[in-house]
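Work through the exercises below with the structure open. Try each task before you read its solution.

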Amino acid sequence: MNRTHWTDDKLLSRLINNKTNKSRWDIISVLRKRTSKELFEKCAELVKSNNPKIRKIGIDILAQFGLPPRPFLKETLKIYFELLNVETDPDVIMSLLYSIGHNNDELDKEQIEKICSFFGNDNSWVKEGLVFALLGINNSIAIEILAQLSSDKLSHIRNWATFGLGTQIERNNKKIREVLWKRVNDKHQETKLEAIVGLAKRKDKRVNDIIKREIIVGEFGTLLFEAIIETQDREFLPLLKQNLKSINGDKTINPEWEKDLKSCIDELTKLTN
């Protein structure tokens, strides 16, 4: 069904009245590309609704309303932060925090502190929105919150927080390295690899033995290749080549993974010659 020819009102009506979320994000995607002032104002009105479902529709459309630099960004953030002061529905709070996360490049100190005030809220939706909202913010308070979330009981929260600390900021100090180090044996594979990447980016030599362990075990994703390249250490080449040799002719190996392994060997060879 081609919805690109539907009017704004028809698309909004479908979002509001749909009984399922089957086409929700497809319709939102169409509306996000229509950056008229009239549509912006309609979405702003939706955010004022007494119905949480309708509030979320307005919030989610405005989250990526046009390409950066987004039109009406200042007005949108004002709407978001005003609602954060009074919103109590966890699902709506999550949408607000996610939406702020898409537009967090120039938040001021007060806005960052407002986001961080949701730390301690044990609702999983709120925590998920919080960790996303803080990604890439180079602020001491935000970094401290991410550090604490990196040890959360929920694996997807730990994963995003570790990614935020390891890759999304460049700040390098002992505290960040120690927080990442605590995750190098995480039972959640992706969290563990995000920590390894973060330490490799910071040239923490302790991580080399962890990388060797992962190569020998052989059950690793492409994130490990990123970490290996970051180390710029040719000591990994023999192990990588041995790994490549061991899978020769193995039809159960994902071809893309094998291609990435070869690329890692080539890139590391170039960097260390």
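**Exercise 1. Is Lys 205 buried, partly exposed or exposed?**

Solution. This is a predicted model, so read every value as computed from it. Start with the place: Lys 205 sits in the loop between α12 and α13. Next take its relative accessible area, which is 57%. The cut-off for exposed is over 50%. Lys 205 is therefore exposed.

Now check its distance to Trp 160. The two residues are 45 apart in sequence. From C-alpha to C-alpha they are 24 Å apart in space.

**Exercise 2. Describe the chain as a whole.**

Solution. Begin with secondary structure. The chain has 16 helices and zero strands. Then take the dimensions: along the principal axes, the C-alpha atoms fill a box of roughly 60 × 45 × 30 Å.

Turn to burial. Of the 273 residues, 48% are buried. The chain exposes about 14600 Å², and carbon and sulfur atoms supply 49% of that area.

Now contacts. Take those with a separation of 6 or more: 64% of them join residues 24 or more positions apart.

Finish with charge. The chain has 45 positive and 40 negative charges. Their mean positions lie 2 Å apart.

**Exercise 3. Classify the ring pair of Phe 65 and Phe 72, then that of Phe 132 and Trp 160.**

Solution. The chain has eight aromatic pairs. For Phe 65 and Phe 72, the ring centres are 6.2 Å apart and the planes meet at 40°. Planes under 30 degrees apart count as stacked and over 60 as edge-to-face. An angle of 40° fits neither class, so the pair is tilted. Both Phe 65 and Phe 72 are buried.

Now the second pair. The centres of Phe 132 and Trp 160 are 5.8 Å apart, with 75° between the planes. That pair is edge-to-face.

What does this pair tie together? Phe 132 belongs to helix α8 (residues 124-134), and Trp 160 to helix α10 (residues 155-166). The pair therefore ties together parts that are 28 residues apart in sequence.

Compare burial across the pair. Phe 132 has 14% relative accessibility and counts as buried. Trp 160 has 33% and is partly exposed.

Last, look for a wider group. Ring pairs link Phe 132 and Trp 160 with Tyr 98 and Phe 163 in a cluster.

**Exercise 4. Which charged side chains sit over the rings of Trp 6 and Trp 181?**

Solution. Take Trp 6 first. The charged end of Lys 10 sits over its ring, 4.3 Å from the centre. Then go to Trp 181. Arg 206 lies over its face, 4.5 Å from the ring centre.

**Exercise 5. Inspect the backbone in two loops.**

Solution. Go to the loop between α4 (52-63) and α5 (73-84), where Pro 69 lies. The peptide bond from Pro 68 to Pro 69 is cis, with omega near -5°.

Stay in this loop, because Phe 72 also lies between α4 and α5. Phe 72 is not a glycine, yet its phi is positive, near 65°.

Move to the loop between α12 (189-201) and α13 (207-217), the place of Lys 203. Its phi is also positive, at about 55°, although Lys 203 is not a glycine. With a relative accessible area of 45%, Lys 203 is partly exposed.

**Exercise 6. What surrounds Ile 215?**

Solution. Locate the residue: Ile 215 is in helix α13. Check burial next. At 2% relative accessibility, Ile 215 counts as buried.

List its contacts, leaving aside neighbours within four places in sequence. They are Phe 220, Leu 224, Ile 228, Phe 236, Leu 239, Leu 240 and Asn 243.

Add one distance. Ile 215 and Phe 225 are 10 residues apart along the chain, and their C-alpha atoms are separated by 9.7 Å.

**Exercise 7. How exposed is Ser 263, and how far is it from Leu 77?**

Solution. Find Ser 263 in helix α16 (residues 255-272). Its relative accessibility is 40%. Buried means under 20% and exposed over 50%. Ser 263 therefore counts as partly exposed.

Then take the distance to Leu 77. The two residues are 186 apart in sequence. In space, C-alpha to C-alpha, Ser 263 and Leu 77 are 42 Å apart.

Note on methods. Residues numbered from 1 in each chain as written. Predicted model: local features only at pLDDT ≥ 70, side-chain atom pairs only at ≥ 80, totals over all residues. Heavy atoms only, no water. Helix = DSSP H or I, 4+ residues; strand = E, 2+ residues; numbered from the N terminus. Buried < 20%, exposed > 50% of the residue type's maximum accessible area, 1.4 Å probe, protein only. Contact = heavy atoms within 4.5 Å. Areas by Shrake-Rupley, 256 points an atom, 1.4 Å probe, with all protein chains shown as cover. Lys, Arg positive; Asp, Glu negative; His and termini not counted. Charge placed at Lys NZ, Arg CZ, Asp CG, Glu CD. Phe/Tyr/Trp six-rings, centres within 6.5 Å; stacked < 30°, edge-to-face > 60°. Lys NZ or Arg CZ within 6 Å of the ring centre and 35° of its normal.
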